[in-house]
Amino acid sequence: ACRRAPPVDPEILRTMKKVGFIGYAPNPRTKLRNQIPYRLKEMDNEFDNFSQVPESPIGREEEPHLYRVAKKYRKVTIKYSKLGLEDFDFKHYNKTLFAGLEPHIPNAYCNCMIQVLYFLEPVRCLVQNHLCQKEFCLGCELGLLFHMLDLSRGDPCQGSNFLRAFRTIPEASALGLILADSDEATGKVNLGRLIQSWNRFILTQLHQETQEQEGPQAYRGAGSSCFSCSFGSSGDSVIGQLFSCEMENCSMCRCGKETVRVSSTLLFTLSYPDSTEKPAKDYEFAQILKRSICLEQNTQAWCENCEKYQPTVQTRNIRCLPDVLVINCEVNSSKEADFWKTQAEYSFQKAMMKRGGFDITKGKEISLGEWKDLGNLDTGHSYPSVEELKNIWIPHAIKMRLTKSKELDVSNWSESDELSPMDDPESVYIYDLMATVVHILDSRTGGSLVGHIKVGETYHQRKEGVTHQQWYLFNDFLIEPVDKCEAVQFDMSWKVPAILYYARRNLNSKYNLLIKNPIEASVLLAEASLARKQRKCHATFIPLMLNEMPQAGDLVGLDAEFVTLNEEEAELRSDGTKSTIKPSQMSVARITCVRGQGPNEGVPFIDDYISTQEQVVDYLTQYSGIKPGDLDAKISSKHLTTLKSTYLKLRFLIDVGVKFVGHGLQKDFRVINLMVPKDQVIDTVYLFHIPRKRMISLRFLAWYFLDLKIQGETHDSIEDARTALQLYRKYLELSPQGSEPEEFRKVLKGLYEKGRKLDWKVPEPDSQSSPKRKRPPLSPP
């Protein structure tokens, strides 16, 4: 089962011609027909690693190299069908009410860290209160994404708009955080090192974005004044209050010249002792953490007194303690991995001795049988199993304090320990572990990143109405409750620690956790177009006036058009069917909203073309009506806006409680990256649908029920949005409240019979009219 196929003959590769993704080459006749010799002796070394892996108990189809990686930690992928994602069972991977994140978007390797930030309550509230004028602001996009995570009831969300903004940040590109698809898939990057760099970047970026605050102002879209959130003041930010730690850096030259400078950091990086002692020394995690925070190192540095580079002793001391302690583990080589493994073995032996009442100084180890007996002791304590104590070095809690002489004291702390009367609660910080991010090593998939997160009471209260705390595994859209010991277990052969988050006990009580929606009605008022030529053309919409602002329950006709940024990746199966590996990446290009009632019913109030800086591979003109140049501010004659500006308009409409009427809205909202409550969506594709039968196009429905010929040469979103509204009116006419459902079933049955006869194509000649009486269209703007 482990034998690999021999390499393809170089002559075949040299003479091969490709048609699509299939290669053809003449037979070089260097081998016997239908016979391929295996060079077993030469290949023995290649299989040494595989031969040590026992056969999977699940069955032979389970790949041996995956055996060491627990199934829930393996990279999850979405299987796409003809219906796309509609029939993919996400509930199989997530039975909680928390929202996972989809992994197929470029640079989605940071999904686990997005979840960590979301489950820090002060950060969640901070970014949801933040809104600014910048087109690409990670704080704004993170807030919009967190709002979706709040609304979701277990359905996965996409970070597409956040990652789109992330790709535009020059610092992210300079730091090597923007990956090509091939790099992530083939494992060319060290994901553990990458996510630690991302962690440092995102904290710095959010700190900068949220401290540029002057006072609340209304957001007015493109060209408007800046809105900023109510947290903090100029030069300060909640990110700084949460994570920042002021440090005193001292450089001492051998001539006696001392230089002191003050700086601050948002996180700490572990520094390990460079020791070759045999046997290796036993360290507590707290010792290494203190060593890393109060770092001391010898280096060459410029001395102004000596006027040259001199050997210098550099020491670092901290002046204050942060509310959230963020630690990058820096396990980037076998040396650091061996250190963790050795310390975990020491911790395991000490835990066994301590629980068993044995004296560790005697060096007596406890056998498995003895350990099982310990669990039966009538002591009133429940003893963890041997497996639960393995591969653990880091504690679930840490005690830190600054002494009167500004010395840092760090110690491992048990979650059940209590402070002594001598301890000052103001100066002593007890940190509880709230998240660990780990790098899963898997050469076949390129590896992945997952997070263990301790989800607090406030989140459980909002989602499930219970007061509860629980550790969960977050592996993209797979979410599963885990035991707290699993969050700190690191089997260094496949599960390597990358990031640790410790939060100060009772952290939330220090911060204002009230979320005030910063999106105001002013986003719907008239705004300037980004396009230079737009004023020369006739406007296609009339903005809402103050006296016609939407109310809860109002109807809004909506349609969106899209362009393709990346083609889909697919493979042809042996039975001739196509399998989608990765779907095409779509970007919204035009969004139209029309009034659903009132004297101006059917008149658009939003018709925005969305400016894009990314390369478009296909404008899909036949289906979208979008032409090259329409999205370019230099030459476009359309009303051009940013995605953020139009997104805020839609978010305001959702928050107000309007009901959107359209055809195929599920896909539209998905690509726009909006979470809309189901009771606010009226989708005509489902209104005129018989279960387990095909979906019917808007064009056919318009011809059949309204006697309208739409989408003649191209799609037009204004026409489509109006037609959807008319179809909804027709639906209400055919299926009034209180009527017999059987009557409407007969109507649908007739629709499907007609569709099958015409092969679902609208007759082009006017020789055949629709079966229904023509209804005059809604008046144009």
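**Exercise 1. The sheet around strand 16**

How many bridges join strand 16 to strand 19, and in which sense do the two strands run? Use the answer to place both strands in the sheet to which they belong.

*Solution.* This is a predicted model, and the pairing is read from it step by step. Strand 16 and strand 19 run antiparallel and are joined by ten bridges; within this pairing, Ala-560 stands opposite Ile-591 in strand 19. Moving on from strand 19 (residues 585-595), one finds strand 20 (residues 604-610), paired with strand 19 in the antiparallel sense over five bridges, with Thr-592 opposite Asp-607 in strand 20. Turning next to strand 22 (residues 659-662), one sees that it runs parallel to strand 16 (residues 555-566) and that three bridges join the two, while Gly-557 stands opposite Val-661 in strand 22. Put together, these pairings belong to an open sheet of six strands in the order 21-20-19-16-22-23, in which the pairing is mixed. Strand 21 (640-641) and strand 23 (681-683) are the edge strands, each of which pairs on one side only. As for cover, ten of the eleven residues of strand 19 are buried, which leaves the strand mostly covered.

**Exercise 2. The span and cover of helix 18**

Work out whether the end-to-end distance of helix 18 agrees or disagrees with the expected span, and then describe how the helix is covered.

*Solution.* Helix 18 covers residues 643-656, and at 1.5 Å a residue its 14 residues should span 20 Å. The C-alpha atoms at its ends are 20 Å apart, so the expected and computed values agree. The next step is burial: twelve of the 14 residues are buried, and the helix is therefore described as mostly covered, given that buried means under 20% relative accessible area. The buried residues include not only Leu-643, Tyr-647 and Phe-652 but also the charged-type side chains of Lys-644, Lys-649 and Arg-651. Just after the helix, Gly-657 takes a positive phi of about 110 degrees.

**Exercise 3. Three residues compared by setting**

Decide for Lys-399, Asp-155 and Met-16 whether each is buried or partly exposed, and describe where each one lies.

*Solution.* Begin with Lys-399, which lies in strand 9 (residues 397-402). Its relative accessible area is 12%, and because the limit for buried is under 20%, Lys-399 counts as buried. Leaving aside neighbours within four places in sequence, Lys-399 is in contact with several residues, among them Asp-409, Trp-413, Asp-423 and Tyr-429.

Asp-155 is found in the loop between helix 6 (138-151) and helix 7 (160-167), and its relative accessibility of 36% makes it partly exposed. Residues touched by Asp-155, when those up to four places away in sequence are not counted, are Lys-91, Ala-99 and Gly-100. Of these, Ala-99 is 56 residues away in sequence, yet the two C-alpha atoms are 5.6 Å apart in space.

Met-16 has its place in the loop between helix 1 (10-15) and strand 1 (17-19), and at 35% relative accessibility it too counts as partly exposed. Together with Val-8 and Leu-13, Met-16 forms a nonpolar patch on the surface, with about 260 Å² of accessible area for the three together.

**Exercise 4. The chain as a whole**

What share of the residues in the protein chain is buried, and what share of the accessible surface belongs to carbon and sulfur atoms?

*Solution.* The protein chain has 23 helices and 23 strands, and 48% of its 781 residues are buried. Its accessible surface comes to about 40200 Å², with 49% belonging to carbon and sulfur atoms.

Key:
Residues numbered from 1 in each chain as written. Predicted model: local features only at pLDDT ≥ 70, side-chain atom pairs only at ≥ 80, totals over all residues. Heavy atoms only, no water. Patch = residues over 30% accessible without salt bridge, like charges linked within 9 Å, V, L, I, M, F, W, Y side chains within 5 Å. Areas by Shrake-Rupley, 256 points an atom, 1.4 Å probe, with all protein chains shown as cover. Salt bridge = Lys/Arg side-chain N within 4 Å of Asp/Glu carboxyl O. Helix = DSSP H or I, 4+ residues; strand = E, 2+ residues; numbered from the N terminus. Buried < 20%, exposed > 50% of the residue type's maximum accessible area, 1.4 Å probe, protein only. Expected span 1.5 Å × (residues − 1). Contact = heavy atoms within 4.5 Å. Pairing = 2+ DSSP bridges.
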